[in-house]
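Biologist: I'd like to learn how to read a protein model. Could you walk me through one, feature by feature?

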Amino acid sequence: MNSSLSLGKIMGIPVWLHWSFLVVVLYVAWAFATFSAPIFGRTYGFAGVEPTGIRWGFSLGFALLLFVCVGLHELGHSYVARKSGIAIKSITLYFFGGVAAMEEIPRNPGLELRMAFAGPAVSGVIGLVCVVLANIASVPDDRNPFAIILWTLGVMNLILMAFNLLPAFPMDGGRLLRAWFATRMPYITATRTAASVGKMFAILMLVVGLFSFNFLLLFVAFFVYMGASEEEKATAINISLEGILVKDIMSPQVQTVTGQMTLHELKELMFQQKHRGYPVMDGEKLVGIVTIADLQNVPDEERSKTSVEQVMTRKLYVIAPKEEAAMAMKMMNEIGIRRLPVIDEGRLAGIVSREDLVRAIELSTGRGF
Ligand SMILES: [Zn+2]
């Protein structure tokens, strides 16, 4: 959490500000202080405001308010999630928007629909309120800075709403579309269909972006394409592992080593048994894990003098046999490891590796990834 600044708790949810956010607040303040154009006959942007101090003050105030609005959009999602009993661990505001870290969302299309809709709804309401207030503030003079800040904020919130409603992952619109499909077809088919719509959309944006030399659009197209592929893959993996428990796929016969074994002996063992990692035991107790990478870090000539104990990883991540296989997958991905010891009532019951998971996915879907 070093890269983020705590803003305290809102609705009981810790809110963090990523440093990239501050850079973009300044960029937005600069962009709007040097730009002005009429939109629907009203002044948008602060370039025409005099004197300079007022112009920059309002532009900075606008940039800060805009990001408060981004935060409110995110809180909109979180509010609906929390009301339905989903725990929100935190919200972090990045330069491109907010990210709410929440526990696994149950596969419930109705809830997903409401959750995805809540964010754009918040942006839409703020947008409309600002537009109405701007109309009031612009009497008698449309160029007064209060009218400009309200109008600019209103337009930006409506753009935020529209952008998030694009029917493509990872935008809210993609989730809305998937939830809507999911009320009519199996979840995996719904995800695939929504992902194809997103990809078609991305290709369309790519073509338009190329012909109009709009690089921002090209960037968004790429972002949307990647988002669609990733969502499709993650859902397929979760669904194919559904109902499979760690104990169904783990290897129960575990070869273990002791901490006193030398790395030279360990290398011989790895050659013979073709395993890439071993749990390290002290009697009945698991004390660490040693992998081929730990071995490779020590030069050949040192290996007969170095013990497993000296190089093993002591920080242990373990899983219980009754946990879902999808959970093991999630842990391995998040921590960046390839195998997890399986501990049953304090005793080592087996080991589950990424290969075991891939095999389970292949067997249940009839195809690999
Ligand atoms: Zn959103």
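Modeller: Sure, and let's begin with pairing: two strands pair if DSSP finds at least two bridges between them. Helices (H or I, at least four residues) and strands (E, at least two) are DSSP runs, numbered from the N terminus. Here β8 (residues 277–282) and β9 pair in the antiparallel sense over 6 bridges. One partnership to look for is Y278 with V290 in β9.

Biologist: Before we go on, what kind of model is this, and how are residues numbered?

Modeller: This is a predicted model: local features need pLDDT of at least 70, side-chain atom pairs count only at pLDDT 80 or more, and totals for chains, interfaces and linings use all residues. Residues are numbered from 1 along each chain as its sequence is written.

Biologist: Back to the strands, then. In what order do the 3 strands of the open sheet come?

Modeller: The order is β7-β8-β9, with mixed pairing. β7 (257–258) and β9 (285–291) are at the edges with a single partner strand each, so one side of each has no neighbour in the sheet. For a second example of pairing, go to β1 (residues 4–10) and β2 (residues 13–18): they run antiparallel and are joined by 5 bridges. L5 has L17 in β2 as its bridge partner. This hairpin has 2 residues between the strands, and M11 takes a positive phi near 50° there.

Biologist: Where else is there a positive phi in a residue that is not a glycine?

Modeller: Try F213, with a phi of about 55°, in the loop between α6 (187–211) and α7 (215–240). Another is K274, with phi near 60°, in the loop between α9 (263–273) and β8.

Biologist: Are F213 and K274 buried or exposed?

Modeller: You count neighbours: a residue is buried if 20 or more other C-beta atoms lie within 10 Å of its own, exposed if 12 or fewer, and partly exposed in between, with C-beta atoms placed from the backbone. F213 has 8 such neighbours, so it is exposed. K274 has 7, so it is exposed too. R82, in helix α2 (residues 52–83), has 17 and therefore counts as partly exposed. Over the 369 residues of the chain, 34% count as buried.

Biologist: Which residues touch the most other members of the largest nonpolar core?

Modeller: A nonpolar core is a set of buried Ala, Val, Leu, Ile, Met, Phe, Trp, Tyr and Cys residues joined through C-beta atoms within 7 Å. The largest one has 55 residues, and L150, L153, A168, A202, V224 and A228 touch the most other members. Helix α4 (residues 145–164) gives the most to this core, with 9 residues. Apart from that core lies another of 17 residues, among them V246, M250, V342 and L357.

Biologist: And how is the whole chain laid out?

Modeller: Domain bounds come from an automatic or database domain assignment. The chain is divided into domain 1 (4–240) and domain 2 (246–365), and their centres, taken over C-alpha atoms, are 43 Å apart. In all, the chain has 13 helices and 11 strands. Its radius of gyration is 27 Å, well over the 21 Å that the globule rule gives for 369 residues, so the chain is more spread out than a compact globule. That radius is taken over C-alpha atoms, and the rule is 2.2 Å times the number of residues to the power 0.38. Along the principal axes, the C-alpha atoms fill a box of roughly 85 × 50 × 45 Å.
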